[in-house]
Amino acid sequence: SAEFMASEKGQELRKQAHELQEQATSAADKLYKKVEETKTQTKEFAASDKGKELKEKADEYKEKAKNFGASIGGYFHSKAEEYYSSERGQELQNAAKDNNEKLQAKLQEIKSASADYLASE
């Protein structure tokens with residue numbers, strides 16, 4: 001391997017590897033500089049009047065959206081309470097309660113019948 005590295009082919013490969021390493025380093029440096037430049041531009045824009053104006057608008061819309069969401073939620077909550085306290089809402093709640101009691105009784109019947117059947121086996 002030392003002989004190969006000393007040969008013409010080995011020297012050529014080392015030269016190519018060195019060039020590739022330099023290209024990669026150069027590309028990484030350029031990318032780093034571009035990232036830093038972009039960060040700086042972003043900070044400068046955020047500090048500019050236009051950037052501050054956009055942030056204020058965004059905050060304003062965010063607050064409006066939050067308030068709208070809360071008012072819609074409150075509206076539906078009050079409508080639901082209104083409905084459930086209405087005569088029809090009470091009828092439906094009572095019917096659901098009756099159905100639930102019937103289902104529980106039926107379930108108990110099935111459990112008892114199953115236990116009796118298993119005991120007779």
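**Reading a four-helix predicted chain**

Me: Which element of the protein chain has the lowest mean pLDDT, and which the highest?
Reply: The model is predicted, and pLDDT is the predictor's confidence in each residue, from 0 to 100. Helix H1 (residues 2-6) has the lowest mean among the elements, 74, while helix H2 (residues 8-47) has the highest, 90. Over the protein chain the average is 88, and 98% of the residues score at least 70.

Me: How many helices and how many strands are there in the protein chain?
Reply: The protein chain has four helices and zero strands. Along the sequence the pattern reads α-α-α-α. Besides H1 and H2, there are helix H3, covering residues 49-85, and helix H4, covering residues 87-120.

Me: What radius of gyration does the protein chain have, set against a compact globule of 121 residues?
Reply: For a compact globule of that length one would expect a value near 14 Å; the protein chain has 38 Å. The box filled by the C-alpha atoms can be read next to that value: along the principal axes it is roughly 95 × 65 × 15 Å.

Me: Which pairs of residues can I use to check those distances in the viewer?
Reply: Take two pairs and compare sequence separation with C-alpha to C-alpha distance. His18 and Ala70 are 52 residues apart in sequence and 63 Å apart in space. Ser71 and Leu107 are separated by 36 residues in sequence and by 43 Å in space. His18 sits in helix H2, and Ser71 in helix H3.

Me: Are His18 and Ser71 buried or exposed?
Reply: Buried means under 20% relative accessible area and exposed means over 50%, with partly exposed in between. His18 has 45%, so it counts as partly exposed. Ser71, at 43%, is therefore also partly exposed.

Me: What percentage of the residues in the protein chain is buried?
Reply: By that cut-off, buried residues make up 2% of the 121. The protein chain exposes about 10900 Å², and carbon and sulfur atoms supply 57% of that area.

Me: How many positive and negative side chains does the protein chain have?
Reply: There are 21 positive and 24 negative side chains. The centres of the two sets lie 4 Å apart.

Me: How many salt bridges does the structure hold?
Reply: The general idea is that side chains of opposite charge can pair when their charged atoms come close. The cut-off here is a side-chain nitrogen of Lys or Arg within 4 Å of a carboxyl oxygen of Asp or Glu. The structure holds eight such bridges. One of them joins Glu36 and Lys39, at 3.5 Å from N to O.

Me: Where do Glu36 and Lys39 lie?
Reply: Both residues are in helix H2, three residues apart, which is about one turn of the helix. Glu36 is partly exposed at 29% relative accessible area, and Lys39 is partly exposed at 44%.

Me: Which residue forms a salt bridge with Lys79?
Reply: Lys79 pairs with Glu82, the closest N and O atoms being 3.5 Å apart. The two lie in helix H3, three residues apart, about one turn of the helix. Lys79 has 35% relative accessibility and so counts as partly exposed; Glu82 is partly exposed as well, at 47%.

Me: Why are Lys106 and Glu109 separated by about one helical turn?
Reply: Because they are three residues apart in helix H4, about one turn lies between them. Their side chains meet in a salt bridge, 3.5 Å from N to O. Lys106 counts as partly exposed, with 45% relative accessibility.

Notes:
Residues are numbered from 1 along each chain as its sequence is written. This is a predicted model: local features need pLDDT of at least 70, side-chain atom pairs count only at pLDDT 80 or more; totals for chains, interfaces and linings use all residues. Side-chain values use heavy atoms; hydrogens and water are left out. The radius of gyration is taken over C-alpha atoms; the globule rule is 2.2 Å times the number of residues to the power 0.38. Buried means under 20% relative accessible area, exposed over 50%, partly exposed in between (1.4 Å probe, protein chains only). Accessible areas come from the Shrake-Rupley method with a 1.4 Å probe; for residues, only the protein chains shown count as cover. Lys and Arg count as positive and Asp and Glu as negative; His and the chain ends are not counted. The place of a charge is taken as NZ of Lys, CZ of Arg, CG of Asp or CD of Glu.
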